[in-house]
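Let's go through this one by asking how each label is earned. Take a look at the structure first.

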Amino acid sequence: VTDARDDTPGVAWLVVERPLRIAHALCNPTMAAPSAGQQRYFNVMATGQIESGRFEGNSSLYCRYVFSCGEDWSVMCGVEEGITQMASSSGSTANGSVVWNFPIDATFRSTCPHGWPQLVLSVYGEDYFGRPDMILGYGAVPLPLTPGRHRVTVRTFRPLASSLLGRLQSWLNGMRPEFIESLFPAKGEGREVTRVQSFGSVSLVLDVAIQGMEQLGYAVPPPRAEGVRLIDPLAATIS
């Protein structure tokens, strides 16, 4: 905003300049601002499923998930958060894992890669005394940057009390420490004063598609394809 005055006394003219796309310029200062006919955003589509979880000593589990992204991002369609069904492990599953196969589907839109979406997981189950809805582990993983199918293993963790006495009381009372904010595992603020313990893992399958980033000047890796292994049925029969 500039203040321009002419020769007429007592008269001031206010000139308002057109605002620029600040977010776009911060992401890539070397690029010029897009014109009115150019695309100003890109889309990231993520589909897949939460396959299974493995937590030693726990056979009945359910998982809560939620997507976390930056301020410049918005969810265009799909489900941003959800809860899987309660599932129990059986002797047929490998390593005593609990199978959910819960579908996830979300499409995001943004003008800047900063704040790339993350998938935040919270796993609950029964403790050794049979008390339900006990937190077993938190985890967070960013969506893959490469289009295609990805198999991801999320190592989870659970918070600990600050003292040995607090740990004993939480174990006896069945009130384990939990994060007040469900998106806390995806953030960095306050993590330096949080004591956690690694416990359990969750397996995911994610299919990612990216649209419109190349038009904005960003380089997108080629789609990732899983390798196909051929097995000779005759050789398997003979062996």
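Q: Which residues touch the most other members of the largest nonpolar core?
A: They are I50, W100, L121 and L204, in a core of 34 residues. A nonpolar core is a set of buried Ala, Val, Leu, Ile, Met, Phe, Trp, Tyr and Cys residues joined through side-chain atoms within 4.5 Å. Keep in mind that this is a predicted model, where local features need pLDDT of at least 70, side-chain atom pairs count only at pLDDT 80 or more, and totals for chains, interfaces and linings use all residues. Residues are numbered from 1 along each chain as its sequence is written, and side-chain values use heavy atoms, with hydrogens and water left out.

Q: Which strand gives the most to this core?
A: That's β12, with six residues. Strands here are DSSP runs of E, at least two residues long, numbered from the N terminus.

Q: What does I50 touch, leaving out residues up to four places away in sequence?
A: Its contacts (heavy atoms within 4.5 Å) include C63, Y65, W100, L121 and L204.

Q: Why is C63 called buried?
A: Buried means under 20% relative accessible area, exposed over 50%, and partly exposed in between (1.4 Å probe, protein chains only). C63 is at 0%, so it counts as buried.

Q: Why does C77 get another label, "partly exposed"?
A: C77 has 42% relative accessibility, so it counts as partly exposed.

Q: How many disulfides does the structure hold?
A: Zero. To count, a pair of cysteine sulfur atoms would have to be within 2.5 Å.

Q: What makes β4 "mostly covered"?
A: Eight of its nine residues are buried.

Q: How do you know that β4 and β9 pair?
A: Two strands pair if DSSP finds at least two bridges between them. Eight bridges join β4 to β9, and the two run antiparallel. One of the partners is easy to find: Y62 is bridged to Y124 in β9.

Q: What about β4 and β7, with two bridges?
A: They pair as well, because at least two bridges are needed and they have two, in the antiparallel sense. L61 has A87 of β7 as its bridge partner.

Q: Why is S110 called buried?
A: Its relative accessibility is 2%, so S110 counts as buried. S110 is found in strand β8.

Q: What makes S110 and C112 a polar contact?
A: A polar atom of the S110 side chain lies 2.8 Å from the backbone oxygen of C112. The limit is 3.5 Å for a pair of N or O atoms; within protein, one must be able to donate a hydrogen and the other to accept it, and residues adjacent in sequence count only if both atoms are side-chain atoms.

How values were computed:
Helices (H or I, at least four residues) and strands (E, at least two) are DSSP runs, numbered from the N terminus.
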